[in-house]
Amino acid sequence: MDAHGGTTPVTIARLNGVGLAFQSFGDEAAPTIVLVAGASSSMDWWDESFCALLAAGDAGSGPRRVVRYDLRDTGESETVALGEAAYTGDDLVDDLAALIEHLDAAPAHVVGLSMGGGLAMQLALRRPELLASITLMSTSPGGRTGQGDELPPPIPRLQAAFASMGAASGDASDGAPVDVDPVAAIVDSERLFSGSIPVDEERVARIGRAVLARTPSPRSSENHWTLESGPGAREDLESIAVPTLVVHGSEDPLFPLAHGERLAARIPGASLLVVPGMGHQNPPPPTWAQLVPALLAHTG
């Protein structure tokens, strides 16, 4: 039994100059779906049961191979100390490309969440031959809409939380450690970024414990917020020619729904799926009955 509580082994491969950890579910001869996490998130946030449902496939298009992986500086992938990251968002895109090639999975279906969606967009522009489709979940096109107006900012609740966290960070000038239960903090964060779908605290705590058990350097993931060139495709969205599905929660507090609507409008031929009650989060189980058939149809 592995650190996730399951039996699927974790493989660590040397790719793009770093060690990347990944797990594969389902038939290795089937079409591949690669799940890409958001910033500072390990693969644990792609629920193993969600991966199993996708891997089972459907009667119309058969099973899938589903792969989830730890971005560098998360989980069991290679990490560096906080503040010592010498890589950029472009390197994270190259990591994804190297994983697809290592798996001999091209053309693969890539499902990216938030920053992971940015990586998928960049890969669609730089290496479209590696992709059969992309799905952009909780992702923003960023920048201006093109008519001089801005996309909506995070909702006031989230802005207030960010301001509070910034103030607390500024007050800790003596460097003294703060006595915070890390699992409780993970549950609090999930609650902060969720929509009206109730947070299953037991499930999130279980994921949090798995993350911490597999992560030798939890603070290293914060390097993602300091990358010199972040992922995204703001100026070139209209050039994406890969079949695209945009999935957005109706109650995303970080990127309100207008972000997903604008993203789908700018990518030629893209479809938009709005998930009622979902926030800025990996899909919680109540959404799976809607999401799994949509992802299987898109990747079929």
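## Close-up views of a predicted model

**Figure 1. Overall make-up of the protein.** The secondary structure of the protein consists of 8 helices and 8 strands, and the model shown here is a predicted one. Of its 300 residues, 52% count as buried. Among the contacts in the protein with a separation of 6 or more, 76% are made by residues that lie 24 or more positions apart. The accessible surface amounts to about 13,000 Å², and carbon and sulfur atoms account for 54% of that surface.

**Figure 2. Val34 and its surroundings in strand S3.** Val34 belongs to strand S3, which covers residues 32-36. Because its relative accessible area is 0%, and buried means under 20%, Val34 is counted as buried. When neighbours within four places in sequence are left aside, the residues in contact with Val34 are Val67, Tyr69, Leu96, Leu99, Ile100, Ala108, His109, Val110 and Val111. The view may also be used to locate Ile134, which is 100 residues from Val34 along the chain, while the C-alpha atoms of the two residues are separated by 9.6 Å.

**Figure 3. His248 and its surroundings in strand S7.** His248 is placed in strand S7, made up of residues 244-249, and it counts as buried because its relative accessibility is 0%. A polar atom of the His248 side chain lies 2.7 Å from the backbone oxygen of Phe255. Phe255 also appears among the residues in contact with His248 once neighbours within four places in sequence are left aside, and this list further includes Ser138, Thr139, Pro256, Leu257, His259 and Gly260. The remaining contacts of His248 in that list are with Leu273, Val274, Val275 and Met278.

**Figure 4. The buried and exposed sides of helix H8.** Helix H8 spans residues 288-298, and its buried residues are Trp288, Leu291, Val292, Leu295 and Leu296. Seen down the axis of H8, these buried residues fall within an arc of 125°, so they line one face of the helix. As background to this pattern, an α-helix has 3.6 residues a turn, so residues three or four places apart point the same way. The exposed residues Ala289 and Ala297 are carried on the face of H8 that is turned away from its buried side.

**Figure 5. Packing partners of helix H8.** The buried residues of H8 pack against two other helices, H1 (48-56) and H6 (201-214). They also pack against strands S5 (108-113), S6 (131-137), S7 and S8 (271-275). Strand S7 is the element in which His248 is found.

Definitions and conventions: Residues are numbered from 1 along each chain as its sequence is written. This is a predicted model: local features need pLDDT of at least 70, side-chain atom pairs count only at pLDDT 80 or more; totals for chains, interfaces and linings use all residues. Side-chain values use heavy atoms; hydrogens and water are left out. Helices (H or I, at least four residues) and strands (E, at least two) are DSSP runs, numbered from the N terminus. Buried means under 20% relative accessible area, exposed over 50%, partly exposed in between (1.4 Å probe, protein chains only). A polar contact is a pair of N or O atoms within 3.5 Å; within protein, one must be able to donate a hydrogen and the other to accept it, and residues adjacent in sequence count only if both atoms are side-chain atoms. Contact means heavy atoms within 4.5 Å. The arc is that of the directions from the helix axis to the C-beta atoms. Accessible areas come from the Shrake-Rupley method with a 1.4 Å probe; for residues, only the protein chains shown count as cover.
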